[in-house]
Every structure is written in structure tokens, then in C-alpha cells.
Amino acid sequence: MISWDVPIVRWVQWPGIGAAELGFIEPLLRRRLSSLARGALHVANACAQGCPSATFVFASRHGELTRTVELLRSLAHDEELSPTLFSLSVLNAAAGIFSIARGDRAPATAIAAGVESFGYGLLEAHLRARKSPAKPLVYVYADAPAPDPIGPQSGDPQAVFALGLLIQGDASSRLHTAFRPGTMVGTPATLQANACLRALERGSADWTSDRHHWCWNLR
Amino acid sequence: MDTLEQDIKILIIEVLNLEDISGEDIASDMPLFGEGLGLDSIDALELGIAMKKTYGIELEAGDGRIREHFRNVLSLAALVRHQGKGSLTHTP
């Protein structure tokens with residue numbers, strides 16, 4: 001069993017109430033954002049309000065896979081590759097754009113860990129926050145279903161989904177996470193981040209894949 | 001308004017996803033890069049590919065005149081008239 005606590009100041013989900021607020025990104029930079037990056041940066045910015053300096057951890061199972069698939073299609077048809085698609089096809093694309101838009105040169109981390117990307121991203125966020133508890137840390141998880149011809153995978157969201165957490169030492173709410181090896185082989189997984197969201201809303205939730213059993217409690 | 005210039009403006013807007021910009025906002029002699037429309041080097045490559053695809057123009061990597069050709073909509077239209085295989089379609 002591995003477990004840890006993170007202090008939660010606030011959390012923001014996408015889709016949420018109202019439209020995505022991306023006015024902080026200038027139009028020439030904003031025009032290249034995918035719907036996934038738009039969701040990720042909306043929650044990142046909403047969490048980082050009032051924090052001129054913060055640590056950022058991003059996590060996504062598939063990242064900008066839609067762009068990668070488009071590039072592969074071009075290659076298959078012997079067409080020239082789009083430089084825009086190429087430059088923004090990497091997992092840390094959203095983190096890079098966010099850093100430029102904020103004028104913040106602090107290092108950021110981008111994590112992918114399969115169907116458990118949300119949970120391992122949260123573990124990374126906890127480890128980073130523990131090193132400097134006074135500094136705000138923004139954890140952003142964002143995913144979209146894998147595009148055709150790969151198609152949606154077990155544990156993918158049905159559409160773009162993003163969840164951001166602002167983690168800082170003096171918060172009164174603490175999110176407790178625990179996971180242990182699971183034995184539920186062949187269990188069709190749901191979206192892992194949704195379980196954590198349920199815990200944030202209602203106090204506790206758990207989630208199982210064919211690898212691990214995870215549970216969250218808000219204290 | 002020159003039809004070819006208008007087509008090139010629409011191509012630029014569509015290929016480069018210029019949000020909230022219409023053909024009227026781009027003057028034919030407005031610089032495309034840096035001051036002016038404010039496009040960057042990724043846009044230059046993207047636009048080069050679209051111009052090849054749409055108008056069949058040939059661009060060689062070592063050609064010193066590329067910077068001149070891509071100065072503004074007027075110079076791109078001149079390049080197409082000089083070298084292009086006609087206005088095929090402006091669908092990117």
C-alpha cells in the first residue's frame with residue numbers, strides 16, 4: 001500500500017460552468033491550441049490565479065495523439081508534414097504554451113502513465129510539493145478519447161476532460177490517496193480522474209484497474 | 001479587389017487558423033512576418049507548403065529570394081502569376 005496526502009486549496013474541472021477563459025493567451029498563440037490544450041490551460045489558469053510563481057505538473061494518457069495520428073496519415077499519403085502539427089504534437093505542448101503565455105520560465109513536468117496517468121501524475125505533484133511546501137503547485141490532468149483508427153480505450157473520457165488542483169501547504173482540506181496491487185483482472189476501467197473528482201465533491205471514492213486499486217478521501 | 005490576392009488572403013487565414021481576422025483586415029502590402037500581421041517561422045513553413053499544394057509553385061530551400069516572395073500578399077500573388085500553374089483551388 002502506498003499512500004500520501006496533498007493540501008488542496010481549490011480545484012477546477014473542464015467542462016465546467018461557462019466557456020473556457022483563455023483571454024490570458026494572445027490570439028496568435030491561442031489559435032494553435034487543440035481542444036485538449038484549451039481545456040488543460042483553462043483549468044491551469046483558473047487554479048493559478050493569484051500565484052505569479054508556481055510549480056506545474058501536467059499529466060495526460062494520450063496527450064496530443066490526434067496531431068500525431070494526422071502526421072502519420074500525411075506520411076502514409078506521402079504528403080509534406082505540417083510544421084504546426086509537428087511542433088505541437090508532444091506531450092508537453094500545453095505546458096510549453098502555458099509557460100510562454102504566463103511569461104514563466106519555471107520548469108514544468110509532463111507525465112503519462114497509461115490508464116493510471118491521473119494517479120501517477122498526482123504522485124509526482126505530491127513529491128514536488130513536498131520538496132517546497134510553501135510554493136503553490138498546480139496539477140493539471142487532461143485527456144481526450146484516443147482518435148481513430150486507434151479508437152477510445154478502456155478508461156478514456158468520452159470527450160475532452162480536464163481537472164486542475166491547486167496544492168499548497170497551508171490549505172485546510174487534505175486529499176488522501178492510497179493504492180495497492182489489484183486483482184480485478186479484466187475489469188473495464190472508467191476514467192480514473194473522475195473517481196478523484198467524486199471524492200473532491202462527496203468525500204470519498206475508489207477506482208480499480210487490472211493493475212491497482214486506488215482510493216481517495218477528502219479530509 | 002484582385003481575385004488572386006483575395007484567394008491568397010483566404011488561404012492564409014484558413015491554413016494558419018487566424019481567429020477573428022477577415023480578408024479585409026489584411027492589406028495586400030501589409031508585411032506578413034514580424035511587424036504587420038505578426039506571423040512567425042512556423043507559419044512561414046506552413047504557408048510555403050500550402051502555396052505549393054494550392055498553386056503548384058516550386059520553392060527551393062537555398063533560394064535567396066524566398067524572403068522577398070513571402071514579404072506580403074502582393075509579392076505572393078506576383079510569384080503565383082510568374083511561376084504558378086494557375087489558380088487551382090484555395091482549399092487547404
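Select Arg67(A) first. In this predicted model, Arg67(A) is buried, with a relative accessible area of 10%. Now add Glu64(A), which is buried too, at 7% relative accessibility. Their side chains meet in a salt bridge, 3.3 Å from N to O. Both residues count as buried because each falls under the 20% cut-off.

**Across the chains**

Next, pick Glu80(A) and Lys52(B). They form a salt bridge, with the closest N and O atoms 3.6 Å apart. This pair crosses between chains. On the chain A side, Glu80(A) sits in the loop between α3 (65-76) and α4 (83-87). On the chain B side, Lys52(B) belongs to helix α2. Buried or partly exposed: what is Glu80(A)? Glu80(A) is partly exposed, at 44% relative accessible area. Lys52(B) is also partly exposed, at 30%.

Move to Arg31(A) and Asp43(B). A salt bridge joins their side chains at 2.8 Å, N to O. This pair also crosses between chains. Arg31(A) lies in the loop between α1 (27-30) and α2 (35-48) of chain A, and Asp43(B) is in helix α2 (residues 41-55) of chain B. Check the accessibility of both ends. Arg31(A) is buried, with a relative accessible area of 5%. Asp43(B) is buried as well, at 0%.

Keep that pair selected and add Arg32(A) and Asp40(B). Salt bridges with shared partners join Arg31(A), Arg32(A), Asp40(B) and Asp43(B) into one network. How many salt bridges are there over all chains? The count comes to eleven. Side chains of opposite charge can pair when their charged atoms come close.

**A nonpolar patch**

Turn to the surface. Select Leu72(A), Leu75(A) and Leu81(A). They make a nonpolar surface patch of about 270 Å². To place it, find Leu75(A) in helix α3 of chain A.

**Two cores**

Now go inside. The largest nonpolar core has 33 residues. Which residues have the most contacts inside it? Select Phe118(A), Leu122(A), Tyr139(A), Ile167(A) and Trp216(A). Then show helix α7 (residues 192-202) of chain A. This helix gives the core its largest share, six residues.

Center on Ile167(A) and display its contacts. Leaving out residues up to four places away in sequence, Ile167(A) touches Val6(A), Pro7(A) and Ile8(A). Its contacts also include Leu122(A), Ala125(A) and Ala129(A). Lys135(A), Pro136(A), Leu137(A) and Tyr139(A) are on the list too. Two of these names come from the selection just made: Leu122(A) and Tyr139(A).

Another core, of 31 residues, lies apart from the largest one. Select Leu33(A), Leu36(A), Ala142(A) and Val160(A), which are among its residues.

**The cysteines**

Finish with the sulfur atoms. How many disulfides does a search of the whole structure find? Zero, over all chains. Select Cys47(A) and Cys51(A) to see why there is no bond at this site: the sulfur of Cys51(A) is the closest cysteine sulfur to that of Cys47(A), yet it is 8.9 Å away, too far for a bond. A disulfide needs the two sulfur atoms within 2.5 Å. Cys47(A) is buried, at 0% relative accessible area.

Last stop: Cys196(A). It is in no disulfide. The nearest cysteine sulfur is that of Cys215(A), 11 Å away. Cys196(A) is buried, with a relative accessible area of 0%.

Notes. Residues numbered from 1 in each chain as written. Chains lettered and ligands numbered in written order. Predicted model: local features only at pLDDT ≥ 70, side-chain atom pairs only at ≥ 80, totals over all residues. Heavy atoms only, no water. Salt bridge = Lys/Arg side-chain N within 4 Å of Asp/Glu carboxyl O. Helix = DSSP H or I, 4+ residues; strand = E, 2+ residues; numbered from the N terminus. Buried < 20%, exposed > 50% of the residue type's maximum accessible area, 1.4 Å probe, protein only. Patch = residues over 30% accessible without salt bridge, like charges linked within 9 Å, V, L, I, M, F, W, Y side chains within 5 Å. Areas by Shrake-Rupley, 256 points an atom, 1.4 Å probe, with all protein chains shown as cover. Core = buried A, V, L, I, M, F, W, Y, C linked by side-chain atoms within 4.5 Å. Contact = heavy atoms within 4.5 Å.
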